Structures are given as structure tokens and as C-alpha cells.
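Colleague: I've got the model open and I'd like to talk through a few spots in it. Can you take my questions as they come?

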Amino acid sequence: MTPEKNPSSENLEQHLRLLYAQGKQFAEIALQNFYNFFKPQPNEQFYQRMVRYAWYVFFGFWLFLFVSFKLVEYNVFNLFGSLPSVAHLEKPKIPLASEVYTHDKKLIGKYFRENRSMVHFEKLSPHLTQALISTEDARFEEHSGIDLPALFGVLVYNVVGFNRGGGSTLTQQLAKNLFKTRSGASKGHLGKVPVLGTVIIKMKEWITAINLEKNYTKDEIIEMYLNTVDFGNEAYGVKIASKVFFNKTPATLNIQEAALLIGVLKATTSYNPFRNPQKSLQRRNTVLGQIAKYEHLSNKEVDSLCKLPLGTKYTPEVMESGVSMHFKDYLTLTLEKICAERGLDLHADGLKVYVTIDSRLQKLAEESVSENMRLLQSRFFEHWRGQNPWTDKRGKELPDYLEKEMQKGKLFQYYSKLHPNRPDSVQLLLNSPKEMTVFAWNDRGEKDTLLSSFDSLRYYKHILHTGMMSMNPYSGEIKTWVGDINYKYFKYDNVRQARRQPGSTFKPFVYAAALDTASKDYPQGMSPCTKMVDRPVSVLYMEDGKSKTWSPHNADWYCSLDTIPLRYALARSLNTITAQLTQKIGVETVIRYAQKIGITSPMEVFPSVCLGSNDVTVYEMTAAYATFMNDGIWTEPQVISKIEDKNGKVIYRPNPKRKRAIRPETAFMLRTMLRGSLTEPFGTSGGLWRYDIHRGHEVGGKTGTSSNHADGWYMGVTKDLVTGTWVGGEDRSIHFRTSDYGEGAKMAMPIFGRYIERVYNAGFYDYTKGGFTKKPTGLTMSKPYSCPVKVLKDSTKTGRDSVRVVMVE
């Protein structure tokens, strides 16, 4: 095997010559003193011979040292382990935390193995440099990586039996920290031999220190050293340490604070000011004494400073608390994929990740969710007081529901393994009360209580959940993401993971298909003003080879028999009209258009698909509704705006997928129809009028409720934002029993109302009031879309029969 020469060989030889000269001078002085001491004695020839032999030993030692250094440098036969290459020396790999910033530049998270952020020398307090050099390496400015007098001093002290400590310079310590010279990966065959391995490690650190001194200035070495060292408390580097220990930047540290930080480096646990304040104080004062020793402070100043308390202010890094951790889980998966494709290390490359989330809107979204869900949960507890909420389609309680759910859990499996073939013991353990902390709607977000495992499960099954997402319909940027009511206790993400039936929020896809699809009766497709009769419908279809009939009814079980325009039918969310449209254009057409517009979940081909019987996510529903706002173009939702490397160079920008889903004319008509859910008589979004959002502003949307009120949805739109909201129990069997409480207009729409009211009244310059139903410039309409209706009352009839709706001709 041919040894590989380190490119820094010439530099090493120069430093060895320098060390040789220094050693020779040191030896000459020592020998001269030796000779002078014995000069008065007889037999001078004997002593001259001794001096000559000493010279032979000296030169032999240096020859051995030179050869040893060369063997280590060349790593002959891989006996000694590799040294850092020139490339690694010039661009050392310092693990840096990657930081995540919101759209409005708020730091919301970090990815790291070592929590470290870089700080440049000019932004370091001069007190830090004084304290470091005075304490760790007083001759730092004089040596070239190896402090020979210190080494000889250590040798002498060890020979006479004193442990004075190491003679490592700051540069040697940097070499050890930066290039992990003592790790197994850099050891050769001889490096594993006791004692000899230690000698080889020291020699490699000396060589690396010499090369560092050649490639960097003293200031740069100080900078790298302070950026790499561990200060404890998960603070790597002086920038994070200054924040954690004093809530300051490195530039603003005073001299006693700098002394404390430098003192901690000797032993991060023993001198930790939060764990061992007295020891830390003593160590700080020792460092202050060292600073005075080298005349950076007077003794009087030191005496005064030593009397001061530590002055620490523990400030652990806390990310922006208002951003949903469910979003961060999804972001992590996305970033790991991007980094894997580009050969990046998310946890060490110091990336700057800018996400699309707006922390201002996120905060308002979470406040809106919290307010509504707190009230809704109280209503749900009261609604089911004294009863269990898990019921079948007929409203009867599901037998053995809790027992079956318990058996799915890890705790039951653990107890069963602990007590095999003893179900009574397992049941006893599961029914025994124990102290625990559970989620609660209070200021803490949790409460301490005494519950059995069964009682705890029963409690959690009563909890209602939610998912909410808001996005820019034009760019695809996701602005808010609320995965549930609380991440600590409910980590399942109801934005992207949970699939639930969307109910009537699916209907706009049916109407889009009807408006966009040409037929014999409608060569250009239907229009919002196409008239249909609100009448009972029965649909025959085949399932598993059997003929079946599907007869949908309206939410209030009433058919008016009025002839009404499609615009009004969607505003009223009439199931009978939607079913008729599906009959005319076909179930396959409905599914095809839903997929074109943005639905990606699998859908079964049944007539009921038009009423939202297939499961979808909040994520895909929000993106699909954005298609209506974006002139019929579906845009892939985005969570990342850009990624920069540690030097600020942009290394990634998203290129979202876009596709034409429906015609611009169809998209515009759907926008006006979504607006109609508020403006048309008896529109299902009428409850939004109670919110202060309508002056100079247009809002639209669609409610949705699945069978038995298991799921409540609201899809809301404004000119800037499309927002999807879902509310429901953990299981479909857990829900309100009546539409008075359980429909989407009661469960989900208030979250949207509160949220939009806050956003557009907050004065944000980038979210201003405005409309979206004005016909875009250049858009040619081929069919009518404005067809108002009026309500007629018949005094000869009572109840719903006394009201009729007709088009205004």
C-alpha cells in the first residue's frame, strides 16, 4: 500500500524546523547551566563527554520525533489514521442548526444534532477573547499551534509527580473539536493500542493545529473555537450560550458574564450555574483572576467584580409557540425528502428554511379554533350528560364499545402479557384509579386528576376534534395549518392525515361538472340560471350484482316543488337538485371533475358520491376550492417558500404543479354561486352575517354535514384566502344527535367566521377587504349567471308550504 501524502507536508516541515530551533536553543541553555554547575569540580573531561552524549541524545530524540511525525502525517499502511485534508481545513464542517422562519420572518423551529448558530469575530465581546486567552492559552498570540514551553512544563511536572494539567493550545483544542481527532473513525490500527494510541492522537492534533495556524488568522481561530465548543444546557457555540445563560447576544456580554461562560468550558456540568451556582461562581472568579494576571484588569476591579452575583437569566430557546406542531410534522417529512434529493443534511448544514405559514394568521386561526371548540365541547358534554355518545345509525348505544377500543391499545396488550390467561387481573388493573394528567379546556390545556384507564378512555372518546387549513388560492401557499385542538395529547393530523366524509361541501364539484360539460340539451353546459324542480328523487343502481334504490332527501326532509335556478339550489344546498344533476351528467363525470379540480382520495362509484359520501382530507378540499378562486387552475399547495444555505444562497424554490381543471367562465360562475350561499334567501352560510366582515368585503362558502352529523364542514372563500374547516369526534359513531348542534353551519362555520373577522379587521397590509364576484376583465360570458329570486308568501297556507321561491324575471 502506497502511503498518501498530506498536501500540507511542507507546512509541517517548516513548523518542525521551528520547533527544532526552539528545542535546540532550550537544550543549549540547559546544557550550559549543567556545565556551569559542575565546572568547579575536577575531571572536566568527564563532564565534557557527558555533554557530548547529551547532545547525541538530544539529536536522536529530534530525529525520532521528525520520523514519527512523518509516519503519522503520511498514515503509513493506515497505522495512524487519516488527517484532515486541505479542503477540510479550508472549509471545515461545523454542524449548524437549520432554522425555520415563517412568511413574516418569525423563527418557529430548528433542526439540529447540536443547537448551534454561527457568530463572526467582530460580533464577539472583547471580554470573551480576553477571558479565553487568559484562561486557556496565555501565549496564544506567540505560538504557531504548539506551545513548546507549556509542553516541557507539563513533562517536568508529570516526572516529579504533579498533575499540572494539559499543555494543549486553543488551536489544538479546536482541532480536536472540529475534526473529531479522537473518534473511532479517524483512528488507525495503532490508534487502538493503549498509551500508544494516546500519543498518536496528540501528534495528529499537533499536526492539525499547525495546519490550522497556516490557513487561518488568530481572530478566525478564536471565532471557530467559540462557535464549536459545548457550553452545556444544549447550547453549542457562544451565540446560543449567550442567549441561554444571559438572554444576550455575544457582543453585549460584560466582563463577568464572559468570565462565567469561559469558566463553564472547563467542566460544563460541574460549573453549570443553574445546577451548581456556588462552584460556577468560584470558577468565574478564578477566570477573572486570570484576566487580572495578564493585566486586562486591576486587582481592585477584580475584587469588586468577584463580589457580584452570577447574574444569569436562564432563557432556553423557545420557538414561536403559535404554530401548529402538526404542520411541523408534515414540514419535516417534506424537508427530509428535499435534502435527500440534494445531498443535504437537514440537522447540520445550517439551512434557512422559509415556510409559507404566516404566524399572524396562524395565531388568529388557533384562537378561533380554541374559542369555538371550547364552547362546542361544553355543549357536547351537556348534550350527552349521563349517556355515552357512541351510537349506531339508529341512535342506539354500541355494545361493548369501550372494551373493544381498550383492546386495541398498547396498555391492554401490556397488561395481557404481564398476566397471561388472567383476564380478571387485567380488568382489575384497567379499572383501578391512578393519578394522571389529561387534556382539558382550561388555561393550562390540561388537568391533574384521578381516573382509571377505562375512565380515561371514556373521557377522551367524548372529546371533539378539528382540522383547519387556509391557503392563498393563486400561489398555492399554505398560510395556516391547525391539525387539532392540542398537539401534546392529539398528534393525529386532521388536515392531511384524517379522511372524513365532506357532505355537501362536495356539491360544488357536481355543479362545476354540470356547468362545464356540454350535452345535447346544453351544448355549452348548464348555467347558474338553469331551472330545475325541487322534487323527490329515486335513483336505481347496482351494488354487488343486486339492484338497489337510493332516495336522497333534503336536510329538512321537505321538497318545495318550486322551479328554481341552480344558483339558488346550491345556496340552499338542496340534495334533490344535486342528485338530479348527477343523473343528467353521470356519476363518472362527477368523479372525473372532482379529481380534475383537486380531489386525490379514492372514490367509489355510487350515486351518493354527489353528496360527499367518499372520504377526503381538509388539505385536498382546500386546494380544490382554490381552483374556483384561481380561474379554474388547480395549484399544488406549498409549505416552503425557499431554502437558503448557511451563506444565504438560495438552493431551493418550489415549482408547484399547475393544471387547467375547468374553464375560467365556469370558475367565475362557481365563485358567484359560493357568494350566493350568503346573499340568496335562506342560504346555508347565512350565519356568517353575525360577524363583522361584510362592509366593503365579500365572503362566500359552502357548509357540509355527513350522515348522522358525524362530520361538520365549512369551506370558506375570500379574495385572498381559501379556508377549509372540519369538526367531529374521533370515531364516526360519536356525534351530536340533532342538526341544531351537529350540522356544519353550527360546528365548523363559526370557526371560519371568527377567523376571517379577525384577519380582515387586524389591519394587515397584505390582507385587505375586497370582492371576488366582479367579472374579470377580458372574460367573455357565454351564458347568464345572475338570476335573483324572490320569496312569496301565501297567507292561505301555513308552515313551509306558505313560502315559495320564484325567479325574478
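Colleague: Which helix does Leu196 lie in?

Modeller: This is a predicted model, so local features need pLDDT of at least 70 and side-chain atom pairs count only at pLDDT 80 or more, while totals for chains, interfaces and linings use all residues. Numbering starts from 1 along each chain as its sequence is written, and side-chain values use heavy atoms, with hydrogens and water left out. Helices (H or I, at least four residues) and strands (E, at least two) are DSSP runs, numbered from the N terminus. On that basis, residues 196-215 form a helix that includes Leu196, and that is helix 7.

Colleague: Is Leu196 buried, partly exposed or exposed?

Modeller: Buried means under 20% relative accessible area, exposed over 50%, and partly exposed in between (1.4 Å probe, protein chains only). Leu196 comes out at 36%, so it counts as partly exposed.

Colleague: How many residues of helix 6 are buried?

Modeller: Helix 6 covers residues 170-179 and is largely enclosed by the rest of the structure. Among its buried residues are Leu170, Leu174 and Phe179. The count is 8 of the 10.

Colleague: Which strands stand at the edges of the open sheet with the order 2-1-3-13-14?

Modeller: That sheet has 5 strands with mixed pairing; two strands pair if DSSP finds at least two bridges between them. An edge strand has a single partner strand, so one side is left without a neighbour in the sheet. Here those are strand 2 (107-111) and strand 14 (650-652).

Colleague: Which residue in strand 14 stands opposite Glu644?

Modeller: Strand 13 (residues 640-644) and strand 14 run antiparallel, joined by 2 bridges. Opposite Glu644 you'll find Val650.

Colleague: How many bridges pair strand 6 with strand 18?

Modeller: Both belong to an open sheet of 5 strands in the order 7-6-18-17-16, where the pairing is antiparallel. Strand 6 spans residues 464-471 and strand 18 residues 722-729, with Gly467 opposite Trp726. The pairing runs over 8 bridges.

Colleague: What angle does helix 14 make with strand 7?

Modeller: Helix 14 (residues 359-383) packs on this sheet, touching strand 6, strand 7 and strand 18, where contact means heavy atoms within 4.5 Å. Axes are lines fitted to C-alpha atoms, for helices over the stretch in contact, and angles run from 0 to 180 degrees between N-to-C directions. The angle with strand 7 is about 30°.
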